[in-house]
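Have a look at the chain shown here, and keep the viewer open while you read. We will start with one residue and work outwards to the sheets around it.

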Amino acid sequence: MNERASNQPEHQPAAAISDQYNLRVCVHRGARQIGGSCVELCCEGKHLLLDIGLPLDSDGHDPAALPDISGLDAGNRSLLGVVISHAHSDHCGLADRLPKETVFLMGAATERILAAAAEFTPYGGKFENVIHLEDRKPIELGPFQIVPFLMDHSAYDAYSVLIAAGGRRLFYTGDLRAHGRKGKLFERLLRRR
Ligand SMILES: [Zn+2]
């Protein structure tokens, strides 16, 4: 994939959703490839990112690896937050490229893991503005309501999130599995209890 192509969104926003419900979704990466996940939501002029992953085939130094995200300009406060679903680089590996003022939403353990990983890997980091995800505890962020669901995955402290905004709901799974040590979390999700 050339530099330009790798920076193109995989899915353009759906006009019907945009017009009727005032929620737009742009899948920058993650729909047609494994890793590098990044989904941008827009509602009422505000933006929320779901993961900011490093593509598996990137060495991390490619400037095109960072998607063209609204609200990253200096002084532009339309990007309200970045959800980090878990501490795998293909979901969080570009977080350290974002402005230090960026608000991140991640589990408390994930924050500790990334801080510790910064000593050994290029993708960890210590972030100044962190809101902790807690299982099924809603977070209000501008027009977005975010409900985290603790899931089982090979990364500890992994979350799926249910986003409600503009009269629509979107469920972002992140990475999950049903067969691990905490596989019952997946069964609980299916039962909605
Ligand atoms: Zn993962």
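In which loop is D51 found? D51 sits in the loop that runs between β3 (46-50) and β4. Before going further, please keep in mind that this is a predicted model.

## The chain as a whole

The protein chain has five helices and 10 strands. Of its 193 residues, 37% are buried. If you take the contacts between residues at least 6 apart in sequence, 50% of them join residues at least 24 apart.

## D51, a buried loop residue

Back to D51, which is worth a click in the viewer. D51 is not a glycine, yet its phi is positive, at about 70°. There are 27 other C-beta atoms within 10 Å of D51, and a residue counts as buried from 20 upwards, so D51 is buried.

## The six-stranded sheet

The loop that holds D51 links two strands, β3 and β4, and both belong to an open sheet of six strands. Its order is easy to remember, β1-β2-β3-β4-β5-β6, and the pairing is mixed. At the edges stand β1 (23-29) and β6 (129-133); each has a single partner strand, so one side of each lacks a neighbour in the sheet. On average, neighbouring strands of this sheet are turned by 20° against each other, direction ignored.

One pairing to zoom in on is that of β4 (residues 79-83) with β5 (residues 103-107), which is parallel and rests on two bridges. Here V82 stands opposite F104 in β5.

## Helix α4 on the sheet

Helix α4 (residues 108-117) packs on this sheet, where it touches β5 and β6. The direction of α4 makes about 105° with that of β5.

Which residues of α4 are buried? They are T110, E111 and L114. Looking down the axis of α4, you will find these buried residues within an arc of 105°, so they line one face of the helix. This fits a general rule: an α-helix has 3.6 residues a turn, so residues three or four places apart point the same way. The cover over the buried residues of α4 includes α3 (89-92), β5 and β6.

## From one sheet to the other

Between β6 and β7 there is a loop, and R136 lies in it. Like D51, R136 is a residue other than glycine with a positive phi; for R136 the value is near 60°. Is R136 buried or exposed? R136 has 10 C-beta neighbours inside 10 Å, and so it counts as exposed.

## The four-stranded sheet

Next comes an open sheet of four strands, in the order β7-β8-β9-β10, with antiparallel pairing. Its edges are β7 (139-141) and β10, each with a single partner strand, so one side of each is left without a neighbour in the sheet. From one strand to the next, the twist averages 25°.

Strand β8 (residues 144-151) runs antiparallel to β9, and seven bridges join the two. Among the facing pairs, Q145 stands opposite A164 in β9, and I146 stands opposite I163 in β9. β8 and β9 form a hairpin with six residues between them, and D157 in the turn has a positive phi of about 65°.

Strand β9 (residues 158-165) also pairs with β10 (residues 168-172), again in the antiparallel sense, over five bridges. In this pairing A165 stands opposite R168 in β10. The hairpin of β9 and β10 has two residues between the strands, and G166 takes a positive phi near 55°. Six of the eight residues of β9 are buried, so the rest of the structure largely encloses this strand.

## R177, beyond the last strand

After β10 the chain enters the loop that leads to α5 (184-191), and this is where R177 is found. With 15 C-beta neighbours inside 10 Å, R177 counts as partly exposed.

What does R177 touch? Leaving aside residues up to four places away in sequence, R177 touches D152, H153 and G183. S154 is another residue to select with R177: the two are 23 residues apart along the chain, and their C-alpha atoms are separated by 8.2 Å.

Notes. Residues numbered from 1 in each chain as written. Predicted model: local features only at pLDDT ≥ 70, side-chain atom pairs only at ≥ 80, totals over all residues. Pairing = 2+ DSSP bridges. Axes fitted to C-alpha atoms, helices over the stretch in contact; angles between N-to-C directions. Contact = placed C-beta atoms within 7 Å. Buried ≥ 20, exposed ≤ 12 C-beta atoms within 10 Å, placed from the backbone. Arc of directions from axis to C-beta.
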